[in-house]
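Work through the exercises below with the sequence and the 3D view open. Try each task before reading its solution.

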Amino acid sequence: MSETLENLLKETRTFEPPAELAANANVTADAYEEAAADRLAFWEKQAQRLDWAKPWEQVLDWSNPPFAKWFVGGELNIAYNCVDRHVAAGKGDKVAIHWVGEPGDTRDITYAELLKLVSQAANTLTELGVTAGDRVAIYLPMIPEAAVAMLACARVGATHSVVFGGFSVDALSSRIQDASAKVVITADGGYRRGKPSALKPTVDEAVAQSPSVEKVLVVRRTGEDVAWTDKDVWWHETVEQAAGTHEAQPFDAEHPLFILYTSGTTAKPKGILHTTGGYLTQTAYTHHAVFDLKPETDVYWCTADIGWVTGHSYIVYGPLANGATQIMYEGTPDTPHKGRFWEIVDQYKVTILYTAPTLIRTMMKWGDDIPAKYDLSSLRILGSVGEPINPEAWMWYREHVGHDNAPIVDTWWQTETGAMMISPLPGVTATKPGSAMGPLPGISADVVDDQAQSVPNGGGGYLVLREPWPSMLRTIWGDDQRFIDTYWSRFENMYFAGDGAKKDDDGAVWLLGRVDDVMLVSGHNISTTEVESALVSHPSVAEAAVVGATDPTTGQAIVAFTIPRGTTDISGDAGEKLIQELRNHVAKKLGPIAKPRQIMLVPELPKTRSGKIMRRLLRDVAENRSLGDVTTLQDSAVMDLISSGLQSGK
Ligand code: 6R9
């Protein structure tokens, strides 16, 4: 990139933590000082949140960068830490998971029940021939068995690879093959949008292409008919019949815990490898610190899918290591009605909610009256993850969900980082709408320019991490060289995150989207995020996605795809008038350089299963190309919807 990112958007609003929360917060400002004084001693202290079977000899071995070893020589069992030890501490009757099925069925699972389920599943995996170091693929809907399966793998030392239920045969089989998975755990199907949605046929096809698979363990969820092969065994005929006790063995702190494939926008997906001790230390610590979790009184809900890293770190490992009581929801937010999320918050008196900007913008689109119908007063902390949260979406979240006082923690991290890296602390940080604020204690994040120099306040550039952190990826599965090339070669001795960022005048960090998405307009680097945020700040706009399309005069020109808010009239001339108004609105907010060449009003945007906008596909539309790889798209019909809307001139 020729010059660093323009610094367009200014935000002056700030929100102090509520006094009572600050007074009782798990983590105070001292944590920053403590970590700054001695980063390794700080992480060593956090590791003591866990039960270790054998203590470590060295906190960090960084003698062969970028290959880190944390808590060298230490041994622990992850499932023991997430389940057994809470039962041993007398908390067996505490609910671990309030599960809510989409059709309305529910299950409350205590820690004692979870221990039995995980032990049974561990015994079954052992019986199926799974031993420590083997890989197991998990392709399940959001049912408790998904968490049980992950914990059972961890318990026996098998490395799990969770694949989003709903990914195609190709996506599933390439992931199974890349990891040479021995067993696949799946279900007949799950419920989505009010109907059973089959999973088993996809698995059958994928397994037929994957010679490494010896057994397929199948949970019965929908009860629909499924084809059966000689590799298949039913969960209810094995796990549910297995012995309910299992002795957990400790594993090395660097034992491989899981592989998770990043969406892979172009080439082959990358199998991000995480290990045991450092990963659990940082997920548990950040869950405790950023959500201020009080395990005895809080009801925590992370709305992510288990197939996304957020589900791994903040549904399964972090919360369970901390002995939390949490909600797990199977379905979509609008089934059977658009108030479903708020109904669950109201019914279970959820105190901490962790969701994604895409969901918040969708709720904005559906209208303020929907959350207003429910009692959301139990909510005391709101989290956001997955994309930059536009300032107006942040304000909406605060006003309509957080009753104008629950702090919002905008948490920046990646599959690769394993746990949160940049976020406010709810009892410490005065927050600004749209900013993830600053690195957490023990984390060295920075923004640098092309020459790897730290930018001053007010400057923009690339987000980097200067020091190794406990939950960092250890490599790309089977491809150390790609690990080095992708993350450690852009700048010397720094991890390159691939995100653009800026520091404002107070030093707060603003994430600006993926560097690959940055637009170069007449020699200026303009971030997609800032233009999108400017569009979303217009009262008629619910969501926006912006891309740079080739342009003969400006190099690239800004093309925006915009979803109008629920009640906006866009018929006939009104649509054209709105488009002109929006172009002027952006120019006024950000300056004439950022004025979109073209704005299209669309009903939907293409998103990944974790809710990220796939700008690459929109670029294809904007440049009149045929669409690239759509296998990670949540709903493939969306692109037809967008293209047909465009052709008919809407
Ligand atoms: C956890 C997760 C990682 C990418 C990351 C960045 C974007 C995530 C964000 C955010 C701005 C935040 N991202 N959280 N951008 N603010 N709070 O999302 O992991 O699916 O691997 O995506 O998501 O671009 O680089 P993953």
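Three exercises follow, on a strand residue, on salt bridges and on cysteines.

This is a predicted model, in which local features need pLDDT of at least 70, side-chain atom pairs count only at pLDDT 80 or more, and totals for chains, interfaces and linings use all residues. Residues are numbered from 1 along each chain as its sequence is written, and side-chain values use heavy atoms, with hydrogens and water left out.

**Exercise 1. Place V547 and list its contacts.**

Step 1. Find the element. V547 sits in strand β28, residues 541-551. Strands (E, at least two residues) and helices (H or I, at least four) are DSSP runs, numbered from the N terminus.

Step 2. Check burial. V547 counts as buried because its relative accessibility is 0%. Buried means under 20% relative accessible area, exposed over 50%, and partly exposed in between (1.4 Å probe, protein chains only).

Step 3. Collect contacts, meaning heavy atoms within 4.5 Å. Leave aside neighbours within four places in sequence; V547 then touches M519, A557, I558, V559, F561, R615, L618, R619 and A622.

**Exercise 2. Trace three salt bridges and say which parts of the chain they link.**

Step 1. Apply the rule: a side-chain nitrogen of Lys or Arg within 4 Å of a carboxyl oxygen of Asp or Glu. The count comes to 41 salt bridges.

Step 2. Take R361 and E387. Their closest N and O atoms are 2.9 Å apart. R361 is in helix α13 (357-366), while E387 is in the loop between β19 (381-384) and α15 (391-401), 26 residues apart. Both residues are buried.

Step 3. Take R490 and D450, with closest N and O atoms 3.5 Å apart. R490 lies in the loop between α16 (480-487) and β24 (495-503), and D450 in the loop between β21 (445-448) and β22 (460-465), so the bridge ties together parts 40 residues apart in sequence. R490 is partly exposed, at 34% relative accessible area.

Step 4. Take R619 and D517, at 3.4 Å between the closest N and O atoms. This pair links helix α19 (615-622), which holds R619, to the loop between β25 (509-514) and β26 (519-521), which holds D517, 102 residues apart. R619 and D517 are buried.

Step 5. Look for a network. Salt bridges link R361, E387, D517, E532, E543, K607, R615 and R619.

**Exercise 3. How many disulfides does the structure hold?**

Step 1. Set the cut-off: a pair of cysteine sulfur atoms within 2.5 Å. The structure holds 0 disulfides.

Step 2. Test C153. Its nearest cysteine sulfur, that of C82, is 13 Å away. C153 is buried, at 0% relative accessibility.

Step 3. Why is C302 unbonded? Its sulfur is 15 Å from the closest cysteine sulfur, in C82, which is too far for a bond. C302 also counts as buried, at 2% relative accessibility.
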